[in-house]
Amino acid sequence: MRQSNKVDGTKIAQAAKDLNVTSVTIRRYIAEFGIETTSDENGIKVLPDQAMEELKEIRRLKEEGLTNPKVLEFL
C-alpha cells in the first residue's frame with residue numbers, strides 16, 4: 001500500500017455537501033464514470049481537483065436530465 005504524508009483533495013463527504021447530493025451518489029458516480037481517487041494517510045478516499053471538476057460537470061449534466069450513457073458520451 002502506497003502511503004504519502006499529505007494528499008490534497010476533497011473527501012467524499014465534503015464533495016457530497018458541495019454538490020448537494022449524498023455520499024452514496026458520489027461513490028456511484030466514481031464507479032460508473034471511472035473517476036480517479038486517491039487515499040489519504042488514513043485510507044480515506046480523496047478526490048483530486050480534477051475529479052471534483054468532473055463530478056461538478058456530471059452533476060450539471062444530470063440536472064439537465066441526461067442519462068448516464070449520455071453523460072458518458074458527453075465526457
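How much area does the chain expose, and what share of it do carbon and sulfur atoms supply? The chain exposes about 5200 Å². Carbon and sulfur atoms supply 46% of that area. Keep in mind that this is a predicted model.

1. **Overall layout.** Start with the elements. The chain has 4 helices and 3 strands. Read from the N terminus on, their order is β-α-α-β-β-α-α. Along the principal axes, the C-alpha atoms fill a box of roughly 40 × 20 × 20 Å.

2. **Burial and contacts.** The chain has 75 residues, and 32% of them are buried. Now take the contacts between residues at least 6 apart in sequence. Of these, 49% join residues at least 24 apart.

3. **The nonpolar core.** In soluble globular proteins, nonpolar side chains tend to be buried together. Here, the largest nonpolar core holds 17 residues. Those with the most contacts inside this core are Ile26, Ile30, Phe33, Ile35, Leu47, Leu55 and Ile58. Three elements give two or more residues to the core: α1, α2 (23–33) and α3. Helix α3 gives the most, with 5 residues.

4. **A closer look at Ile58.** Which residues does isoleucine 58 touch, leaving out those up to four places away in sequence? They are Tyr29, Phe33, Ile35, Val71 and Leu75. Ile58 is also one of the core residues with the most contacts inside the core, as are its partners Phe33 and Ile35.

5. **Helix α1 against helix α3.** Two packed helices are described by the angle between their axes and the distance between the axes. Helix α1 covers residues 12–19, and helix α3 covers residues 49–63. Their axes come within 11 Å and cross at roughly 35°. The crossing is right-handed. On the α1 side, Ala15, Asp18 and Leu19 make the contact. On the α3 side, Met52, Leu55, Lys56 and Arg59 do so. By class, that gives 4 nonpolar, no polar and 3 charged residues. Leu55 is worth finding twice: it belongs to this contact, and it is listed among the core residues with the most contacts.

6. **Serine 23.** This residue lies in helix α2. Is serine 23 buried or partly exposed? Its relative accessibility is 31%, so serine 23 counts as partly exposed. Buried would require under 20%, and exposed over 50%. Not counting residues up to four places away in sequence, serine 23 touches Ile12 and Ala16. Asparagine 42 sits 19 residues from serine 23 along the chain. The C-alpha atoms of these two residues are separated by 18 Å.

Technical notes
Residues numbered from 1 in each chain as written. Predicted model: local features only at pLDDT ≥ 70, side-chain atom pairs only at ≥ 80, totals over all residues. Heavy atoms only, no water. Axes fitted to C-alpha atoms, helices over the stretch in contact; angles between N-to-C directions. Left-handed = near helix turned anticlockwise from the far one by under 90°. Contact = heavy atoms within 4.5 Å. Nonpolar A, V, L, I, M, F, W, Y, C, P; charged D, E, K, R; others polar. Core = buried A, V, L, I, M, F, W, Y, C linked by side-chain atoms within 4.5 Å. Buried < 20%, exposed > 50% of the residue type's maximum accessible area, 1.4 Å probe, protein only. Areas by Shrake-Rupley, 256 points an atom, 1.4 Å probe, with all protein chains shown as cover.
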